[in-house]
Amino acid sequence: MSFCVVGAGFSGAVIARHLAERGHKVTLLDERPHIGGNCYTERDAETGVMVHRYGPHIFHTADQRVWDYVRRFGTFHPYINRVKAVSEGHVYSLPVNLLTINQFFGTVMGPKEAREFIETKADRSITEPRSFEEQALSMIGPELYRAFFYGYTRKQWGLEPTELPASILRRLPLRFNYDDNYFSHPYQGMPEEGCTAIIRNILDVDGISIRTSCSFENIEEDFTHIFYTGPIDRYFKFRLGRLGYRTLDFERFTDDGDHQGTAVINYCDEQVPFTRISEHKHFAPWEQHKFSKTVCFREYSRLAEQEDVPYYPIRQVNEKRMLDSYIELARQQKGVSFLGRLGTYRYLDMDVTISEALMACDKIDSALQISPSELPAFFIDPQ
């Protein structure tokens with residue numbers, strides 16, 4: 001059987017390898033001139049630093065299966081993401097932890113005192129937060145919300161926090177100790193040679209034909225089945241309208257030595273036009289000593305237009321009807337399955353993307369034992 005996989009990010013790579021290992025012919029397409037999707041990494045030509053071309057991607061997971069899988073294809077170094085934030089002329093520690101609370105309020109509280117203090121700030125009348133703003137007010141109160149989340153969120157999403165789902169903020173922890181690890185997962189690390197090398201090694205198996213700089217719309221061959229990880233609305237030529245995405249613009253600059261002393265600094269004030277600055281040599285501390293210059297990127301978020309790379313599905317409430325219609329349209333298709341962040345129009349971290357692709361592989365095997373027609377439109381319910 002011959003299969004087509006559209007998109008050479010983690011979702012597409014995992015699916016393509018699985019099919020090839022079972023003796024099938026796989027054509028893997030990506031319209032960019034490289035594999036790796038938004039996780040693409042490369043050496044900066046001027047400085048030699050490994051850069052995350054489409055923004056920082058830090059691997060973290062609690063899924064043992066995913067952690068074991070990625071380490072088959074490259075060496076991972078331990079890495080803890082320690083984010084700093086600039087708000088109203090001061091530098092703070094994120095996520096909000098005991099240091100942040102004491103810094104911001106000028107206090108010297110212990111864990112119990114800080115917890116009781118935040119209880120007095122939080123709006124406990126909000127028992128079931130429906131929006132990002134309600135989630136923040138019920139969790140940390142108005143002062144910390146305004147300082148660290150309101151302006152940053154408006155820049156990042158281009159919407160009032162009242163228009164965004166509470167789930168966006170639920171992903172971030174609130175800690176009453178001095179733990180400034182941005183993530184809570186037990187497995188965290190950076191691939192020694194970057195994410196592109198991991199994906200290249202996943203695809204290093206007989207049976208996969210890779211075509212870059214190739215759009216799915218230009219393919220005329222017939223395939224047994226298509227695994228599509230591109231935007232779901234694009235697959236249907238936007239016949240029901242365009243779903244909303246945010247995209248990113250990057251302003252590159254270099255400096256001698258060390259520019260900001262850490263990998264990521266968020267700029268929370270709304271009047272600062274960019275959301276954060278990333279200094280990429282700090283993502284690989286084991287090789288910092290090699291470089292006399294450093295490379296940084298200011299990151300600007302805006303609404304994706306027709307020719308832009310889509311990064312973050314917005315999933316506004318008023319888009320739900322359109323999304324549901326696209327999902328129903330997809331379920332009616334024969335010979336195509338939709339996967340990944342764009343194919344299911346959900347915000348997914350790398351580990352979740354890989355986990356869902358591996359679960360799809362499990363279902364692919366059982367379906368193909370019967371007939372390719374048994375392959376579903378969605379392996380994970382996108383609703």
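I take a residue as buried under 20% relative accessible area, as exposed over 50% and as partly exposed in between, with a 1.4 Å probe and protein chains only. Helices (H or I, at least four residues) and strands (E, at least two) are DSSP runs numbered from the N terminus.

**Basis.** I worked on a predicted model, in which local features need pLDDT of at least 70 and side-chain atom pairs count only at pLDDT 80 or more, while totals for chains, interfaces and linings use all residues. Residues are numbered from 1 along each chain as its sequence is written, and side-chain values use heavy atoms, with hydrogens and water left out.

**Entry 1: helix α8.** I looked up the surroundings of α8, residues 195-202. Of its 8 residues, 6 are buried, so the helix is largely enclosed by the rest of the structure. The buried ones are Cys195, Thr196, Ala197, Ile198, Ile199 and Ile202. I counted contacts as heavy atoms within 4.5 Å. The buried residues of α8 pack against the helices α1 (10-21), α2 (64-71) and α12 (350-368), and against the strands β3 (41-43), β6 (76-78) and β9 (187-191).

**Entry 2: cysteines.** How many disulfides does the model hold? With a disulfide taken as a pair of cysteine sulfur atoms within 2.5 Å, I obtained a count of 0. Cys195 is in none, and its nearest cysteine sulfur, that of Cys39, is 5.1 Å away. Cys195 is buried at a relative accessible area of 5%. Cys268 is likewise in no disulfide, the nearest cysteine sulfur being that of Cys296 at 18 Å. For Cys268 the relative accessible area is 2%, so I list this residue as buried.

**Entry 3: aromatic pairs.** I paired rings of Phe, Tyr and Trp (its six-membered ring) if their centres lie within 6.5 Å; planes under 30 degrees apart count as stacked, over 60 as edge-to-face and the rest as tilted. My search of the whole structure gave 34 aromatic pairs. One of them joins Trp157 and Tyr312, which is tilted, with 5.9 Å centre to centre and 55° between the planes. This pair links distant parts of the chain, since Trp157 is in helix α6 (residues 142-157) and Tyr312 in strand β16 (residues 312-313), 155 residues apart. Trp157 and Tyr312 are both buried. I then examined Tyr235 and Phe236: their ring centres are 5.0 Å apart and their planes stand at 80°, so this pair is edge-to-face. Tyr235 is buried at 18% relative accessible area, and Phe236 is buried at 2%. Ring pairs join Tyr235 and Phe236 with Phe216, Tyr228, Tyr326, Phe338 and Phe378 in a cluster.

**Entry 4: charges over rings.** I required NZ of Lys or CZ of Arg to be within 6 Å of the ring centre and within 35 degrees of the ring normal. The charged end of Arg32 sits over the ring of Tyr54, 4.1 Å from the centre. That of Arg146 sits over the ring of Tyr150, 3.9 Å from the centre.

**Entry 5: helix α10.** I found 12 residues in α10 (residues 320-331) and a reach of 16 Å from first C-alpha to last, close to the 16 Å expected at 1.5 Å a residue. The expected span is 1.5 Å times one less than the number of residues. Which residues of α10 are buried? They are Leu323, Tyr326, Ile327, Leu329 and Ala330. They cover an arc of only 160° around the axis, which puts them on the same side of α10; I took the arc from the directions from the helix axis to the C-beta atoms. Their cover includes α9 (232-235) and β17 (336-338).

**Entry 6: Glu319.** I placed Glu319 in the loop between β16 and α10. Glu319 is buried, with a relative accessible area of 10%. Leaving aside residues up to four places away in sequence, Glu319 touches Arg242, Leu243, Gly244, Ile314 and Tyr345. The C-alpha atoms of Glu319 and Leu243 are separated by 7.0 Å, with their positions 76 residues apart along the chain.

**Entry 7: backbone.** Most residues other than glycine have a negative phi, and most peptide bonds are trans. I noted a cis peptide bond from Leu94 to Pro95, with omega near 0°. Pro95 is in the loop between β8 (90-94) and α3 (98-105). Glu88 has a positive phi, near 50°, and is exposed at 63% relative accessible area. Ser213 also has a positive phi, about 55°, and is exposed at 53%.
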